[in-house]
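Reader: Could you take me through one part of this model at close range? I'd like to know what sits around the annotated site and how the neighbouring pieces are held together.

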Amino acid sequence: MKEEINIDKKGQRILIIDDETQIRRFLRVSLTSHGYDVREAGTGQAGLEEVAMNNADLVILDLGLPDMNGMEVLNKIREWSKVPIIILSVKEQETDKITALDHGADDYVTKPFSMGELLARMRAALRHSERVEEEPILKFDDLVLDLSHRQVKVSDGEIKLTPTEYELMKNLGLNAGKVLTHKFLLRTVWGPAYENDIQYLRVFMGQIRRKIERDPSRPRHIITEPGVGYRLL
């Protein structure tokens with residue numbers, strides 16, 4: 001697992017879009033204590049206006065809003081902004097999570113939640129947003145992806161990957177910390193005709209884990225999000 005680094009930065013702007021006053025108050029107090037500059041919106045429209053006017057660094061978005069569906073808010077933001085968005089909702093169905101992630105959300109946290117979990121997901125989303133996509137070398141503890149030379153190394157030893165395995169690793173590496181859905185990976189690496197072949201993807205992930213993980217049965221780098229997809233840590 002990549003070494004944990006506290007990147008909480010004074011002044012990073014977090015926008016909470018949630019109609020529950022108690023949730024907003026709890027998040028404001030907790031996040032402010034970690035050095036974040038917190039803004040609030042109780043409706044979808046107010047949230048959209050806040051994103052447009054104040055350039056939030058990260059948005060925490062509830063799906064159950066009084067004036068519009070949170071998914072609609074997500075779609076509208078994604079029309080013009082790449083700001084990291086973490087969905088916060090009581091909805092636990094995998095289809096809700098998959099839909100939100102496929103529509104551009106960076107992560108999904110289900111209520112009730114622990115503040116420690118939310119902070120960790122926020123740090124991962126902020127790290128991803130700050131990563132330069134052209135960065136030639138990505139490091140995750142003992143795992144190194146050298147994009148310039150199309151090499152993957154573990155403990156300084158080069159790992160031989162097939163072209164397909166490398167493309168999967170590249171996508172996971174460039175989106176480190178973010179959940180990539182089965183459909184996204186299948187569509188990106190194999191094309192739209194394969195986006196429902198989840199078992200096909202599982203076979204390749206199993207092959208990659210056997211090559212890069214010390215113990216493939218207890219992976220440290222490629223983490224499975226059951227029923228949703230994978231994330232690289």
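Author: One cut-off before we start: buried means under 20% relative accessible area, exposed means over 50%, and partly exposed is what falls in between. Also keep in mind that this is a predicted model.

Let's begin at the annotated site. The unreviewed UniProt entry puts the feature "modified residue: 4-aspartylphosphate" at Asp62. Asp62 belongs to strand S3, which covers residues 58-62. Its relative accessibility is 5%, so Asp62 counts as buried. Who keeps it company? If you skip the neighbours within four places in sequence, Asp62 touches Ile17, Asp18, Asp19, Gly70, Leu88, Ser89 and Lys111.

Now zoom out to the sheet that S3 is part of. It's an open sheet of five strands with parallel pairing, and the order reads S2-S1-S3-S4-S5. The edges are taken by S2 (37-41) and S5 (107-110); each has a single partner strand, so one side of each has no neighbour in the sheet. On average, neighbouring strands here are turned by 20 degrees against each other, direction ignored.

Look next at how S3 meets S1. Strand S1 (residues 13-17) runs parallel to S3, and four bridges join the two. Pick Leu15, for instance: its bridge partner in S3 is Val59. As for the helices, H3 (residues 70-78) packs on the sheet and touches S1, S3 and strand S4 (85-89), with its direction at about 155 degrees to that of S3. Helix H4 (residues 94-102) also packs on the sheet, touching S4 and S5, and its direction makes about 150 degrees with that of S5.

Then there are the charged pairs. The whole structure has 20 salt bridges, and a few of them are worth walking through. Take Arg78 and Asp106, whose closest N and O atoms are 3.1 Å apart. Arg78 is in helix H3 and Asp106 is in the loop between H4 and S5, so to speak a link between distant parts of the chain, 28 residues apart. With a relative accessibility of 23%, Arg78 falls between the two cut-offs and therefore counts as partly exposed. Asp106, at 6%, counts as buried.

Go on to edge strand S5 and you meet another pair: Arg231 and Asp107 form a salt bridge with their side chains, 3.0 Å from N to O. Arg231 sits in strand S12 (residues 229-232) and Asp107 in strand S5, so this pair ties together parts 124 residues apart in sequence. Both partners are buried: Arg231 has a relative accessible area of 6%, and Asp107 has a relative accessibility of 3%.

A further pair to look at is Arg220 with Asp142, where the side chains meet in a salt bridge at 3.1 Å, N to O. Arg220 is in the loop between helix H8 (198-212) and strand S11 (222-225), while Asp142 is in the loop between strands S6 (137-140) and S7 (143-146), so the parts tied together are 78 residues apart in sequence. Arg220 is partly exposed, with a relative accessible area of 21%, whereas Asp142 is buried at 10%.

Finally, back to Asp107 and Arg231. Through salt bridges that share partners, they belong to one network together with Glu117, Arg121 and Glu225.

Methods. Residues numbered from 1 in each chain as written. Predicted model: local features only at pLDDT ≥ 70, side-chain atom pairs only at ≥ 80, totals over all residues. Heavy atoms only, no water. UniProt positions renumbered as here; feature names shortened; annotations may be inferred. Buried < 20%, exposed > 50% of the residue type's maximum accessible area, 1.4 Å probe, protein only. Contact = heavy atoms within 4.5 Å. Pairing = 2+ DSSP bridges. Axes fitted to C-alpha atoms, helices over the stretch in contact; angles between N-to-C directions. Salt bridge = Lys/Arg side-chain N within 4 Å of Asp/Glu carboxyl O.
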